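Biologist: I am new to this structure and would like to learn how to read it. Could you take me through a few features, one at a time?

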Amino acid sequence: AIIRREDYRAPDWLVPEIALDFRLDPAATRVTARLTVRRNGVHTHPLRLDGDEIAPLSVSVDGEELHDAWRMDGPALVIDLAGDDHLIETEVQLSPETNSKLMGLYASGGLLCTQCEAEGFRRITFFPDRPDVLSRYTVRMEADQAAFPVLLSNGDHVDGGELAGGRHYALWRDPFLKPCYLFALVAGDLAANRDSFTTMSGRNIDLGIWVRSADLPRTEHAMDALKASMAWDERTYGREYDLAVFNIVAVDDFNFGAMENKGLNIFNSRYILADPETATDGDYDAIAGVVAHEYFHNWSGNRVTCRDWFQLSLKEGFTVFRDQQFSADQGSAAVKRIEDVRALRAAQFPEDAGPLAHPIRPESYIEITNFYTATIYNKGAEIIRMLKLILGEEAFRAGTDLYFERHDGQAATCEDFVTAMEDASGADLTHFRRWYAQAGTPRVKASLIAEPTGGRARLTLSQTVPPTPGQDTKQPMPIPLRVALLGAQSGKPLGPERLIVLDEAESEVLFDGLSEAPVLSINRGFSAPICLETDRSAADLAFLSAHDPDPFARYEAMQQLMLDTLLAGVRTGTVESESVVKAVRNTLTDPGLDAAFVGEAVLLPSEAFIAEQLDEIDPDAIAEVRESLRRTLGTELADLWQEIYARNRANRYEYTPSAKGSRRLRSVALGYIAVSGDEDWASLALTQYRDADNMTDTIGALGVLTNNAAPEREQALADFYERYRADPLVIDKWFTTQALASHGDTVGTVEALATHPDFTIANPNRLRSLVGAFAVNQRAFHDPSGRGYRFVADMVLAVDKLNPQAAARLIPSLGRWRKFEPKRQALMQAELRRILDAPGLSKDVFEQVSKSLG
Ligand code: ARG
Ligand code: ZN
């Protein structure tokens, strides 16, 4: 069935109170739910309680067991009720240990835990499972004390104690109203890293990060990030934490990153556990980002929640924006922006250009889980970022203050957010709302023409928004462009930066009083999520890459220069590398730049990003041209790479921005040395691998050996496996490194790894580490034989039987078939059809495959 945004109706029945009673057992858990229900408005509709794979053992109304006044309508429990207020009691039995979907109550590594967003609560008990039904929760849990010594739920622990037969219980009460998707419980043998935080109004909050006791030493970084997040949200948004307790639990089997359950966040352990030996700098950054993200949801998501799931970006786009701001403030803002834009281009631009394109506020869905996308999250964050840029810092903050104040305790809409921004700022955001409604990445053309007499220049701008499924024609969007002109001789800005909002199909802007010939710097800081086309020459781009004071614009100029070179190479078969080599040399030798920035700036655009620019993709041609430019950079700048490699060697591991930057640049240099013709590159990599005192250097070296198919590759991989076989998060890296290999028989390797004793499709991290990684290895996945496609399709079919949402996530890489040359198109389509023809397909996979086939 298709769910449509326009069909929204307020709930027929509200549930002001719910009391849950869990008698926990991995094989057979009993759940009793007592719901206080109240008719909402005047109507005669029955009470309809959602369920999913549960059956009522008993149903009673106002204390009397009913035998015939209720019925099942498919998975839902329907009860006819006369008056307006009732007490409903139901009982169900669950089997957490066989719950392979990891939605609802499930077992992971001896723990029992829950995941309810978006529609998992209906797998625990019968309830109106929609985010606009807000209730006060009381939760009683009882379990075997030896197996489950720790019992956690939302809110405050109000009672607990021992029971007969080696059992014990805990009672938790959450004073805040919440939708059921924010409910959580955890039971297990856990130890806590405990700390505290004093809020701006002087309240003391008990913090706990709960893990297996052996993992306690790996929780410090997450705890630091939590405290920093709490302080940051007070400083930046005036948001204070509201309960007396804030708990985080790490679990090994989790469908995505983490979940913001009220007062009890549950995390994929990969976003909590870190120490230098087992986690990379990237892991450390991701942990801080996700801890902050989930914490920030306490206001943007929990205190103000979503009216319905079409509003998902209301909480996710805004919260991603907030976590991006937080991370930018913790380290290098420029490098963070580069990383965020790279992620947007890698995940969201292809989505916007493909069969699954949707606006950040979609109009319909079959399975909501399929809409936890880069568009809702990352493009959603870009929309908020543009609002802030257009309104200005102060008005934006006034807008968020008004939004939080006006909608506290409510289930709100994206429209409410925009209205609060308008009311607080006085701005008219009528056109801006198109960003919520229209899918597709706008294409902007910009051309600067300087008048021959000098002193004046004219910037012409135009935009088109490409058609996307269900949206053939589009209206122009307001596109905020940060623009500066730089003097071609001096390299200095010719006047202050301007914010130009292009909100027509075409427009012109005049600049005068220019003291020298201008070079155009535009979309600085990636001020709008667009594809930009300019007529700037290679010389202009090289100039900007050396002189633009905006670090992002500088990075971007280099990327554009590289991209133009690579695209010309794909077209003509020859790579004119001279200007790229010069620009890279310039960047490498500029003493004013920090290592982290340089490490980003000298990387070539990914194969996938190059492919995005083409109407018909030939992955081999792209890989060859990219590799040829890479080799040229390696050989032409060989001495420089060696020097940089040597210069960035650290004596001892430190987790500081500058040490991180050095590690980054050094591993980039090692990658170039490997293609520089230096015969000793493999021994250099092997030495780094052996001497490393941190995972960034270890995996950096292993990656270079694996990618370049060094003879030492097998030896190093075997050593790594032996060293870390007991640590699943590190073994994930072992699988990923091989799945991403750019040389050798990667398809064969991956097929073989799928039969490795450590491989399992039941654990989402492991599945992603092999199959998810392989599906984004453009060259290997698109092996002309079609074996890569077949492998992924086989995985989809196998995983779908266990965990449909994990299976559905593997579809988009096959779904991009239209962009490829005809032979691959046919092979990819054939695999999608094979999936579609399989009996018993989940609606998750059905939606993605049928939309992909079109
Ligand atoms: N709200 C969680 C987070 O961002 C993610 C929940 C994902 N749920 C899902 N069904 N995919 O932060
Ligand atoms: Zn989120």
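**Reading the model step by step**

Modeller: Gladly! Over residues 222–435 the chain is 55% helix and 9% strand, with the end C-alpha atoms 34 Å apart. Keep in mind that this is a predicted model.

Biologist: What does UniProt place at residues 222–435?

Modeller: The UniProt record, an unreviewed entry, gives the feature "domain: Peptidase M1 membrane alanine aminopeptidase" there.

Biologist: Let's try a helix. How far should the 15 residues of helix α6 span?

Modeller: Count 1.5 Å a residue: α6 (residues 393–407) should then span 21 Å, and its end C-alpha atoms are 21 Å apart, which agrees.

Biologist: And how do I read the sides of a helix?

Modeller: Here is the general idea. An α-helix has 3.6 residues a turn, so residues three or four places apart point the same way. In α6 the buried residues are Gly 399, Thr 400 and Tyr 403. They cover an arc of only 95° around the axis, which puts them on the same side of α6.

Biologist: Which residues are exposed on the other side of α6?

Modeller: Those are Glu 394 and Glu 405.

Biologist: Now a sheet, please. How do strands hold together?

Modeller: Strands of a sheet pair through backbone hydrogen bonds, either parallel or antiparallel. In this model, eight strands form an open sheet with mixed pairing, in the order β6-β5-β9-β3-β2-β12-β15-β14. The edge strands, β6 (64–65) and β14 (156–162), each pair on one side only.

Biologist: In which sense do β5 and β6 pair?

Modeller: Strand β5 (residues 58–61) pairs with β6 in the antiparallel sense, over two bridges. Across this pair, Ser 60 stands opposite Glu 65 in β6.

Biologist: What about the edge at β14: how many of its seven residues are buried?

Modeller: The number is zero, so β14 lies largely in the open. Its partner is strand β15 (residues 167–178), and the two pair in the antiparallel sense over six bridges. Here Asp 156 stands opposite Arg 173 in β15.

Biologist: How many residues lie between β14 and β15 in their hairpin?

Modeller: Four, and Gly 165 in the turn has a positive phi of about 75°.

Biologist: Last one: which residues are around ligand 1?

Modeller: The residues around ligand 1 are Glu 117, Ala 118, Phe 256, Ala 258, Met 259, Glu 260, His 293, Glu 316, Thr 369 and Tyr 372. To read such a shell, sort its residues by character: this one divides into five nonpolar, two polar and three charged.

Note on methods:
Residues are numbered from 1 along each chain as its sequence is written. Chains are lettered from A and ligands numbered from 1 in the order in which they are written. This is a predicted model: local features need pLDDT of at least 70, side-chain atom pairs count only at pLDDT 80 or more; totals for chains, interfaces and linings use all residues. A residue is near a molecule or strand if its C-beta atom, placed from the backbone, lies within 6 Å of it. Ala, Val, Leu, Ile, Met, Phe, Trp, Tyr, Cys and Pro count as nonpolar, Asp, Glu, Lys and Arg as charged, and the others, Gly among them, as polar. Two strands pair if DSSP finds at least two bridges between them. UniProt positions are given in the numbering used here, feature names are shortened, and annotations may be inferred rather than shown by experiment. The expected span of a helix is 1.5 Å times one less than its number of residues. A residue is buried if 20 or more other C-beta atoms lie within 10 Å of its own, exposed if 12 or fewer, and partly exposed in between; C-beta atoms are placed from the backbone. The arc is that of the directions from the helix axis to the C-beta atoms.
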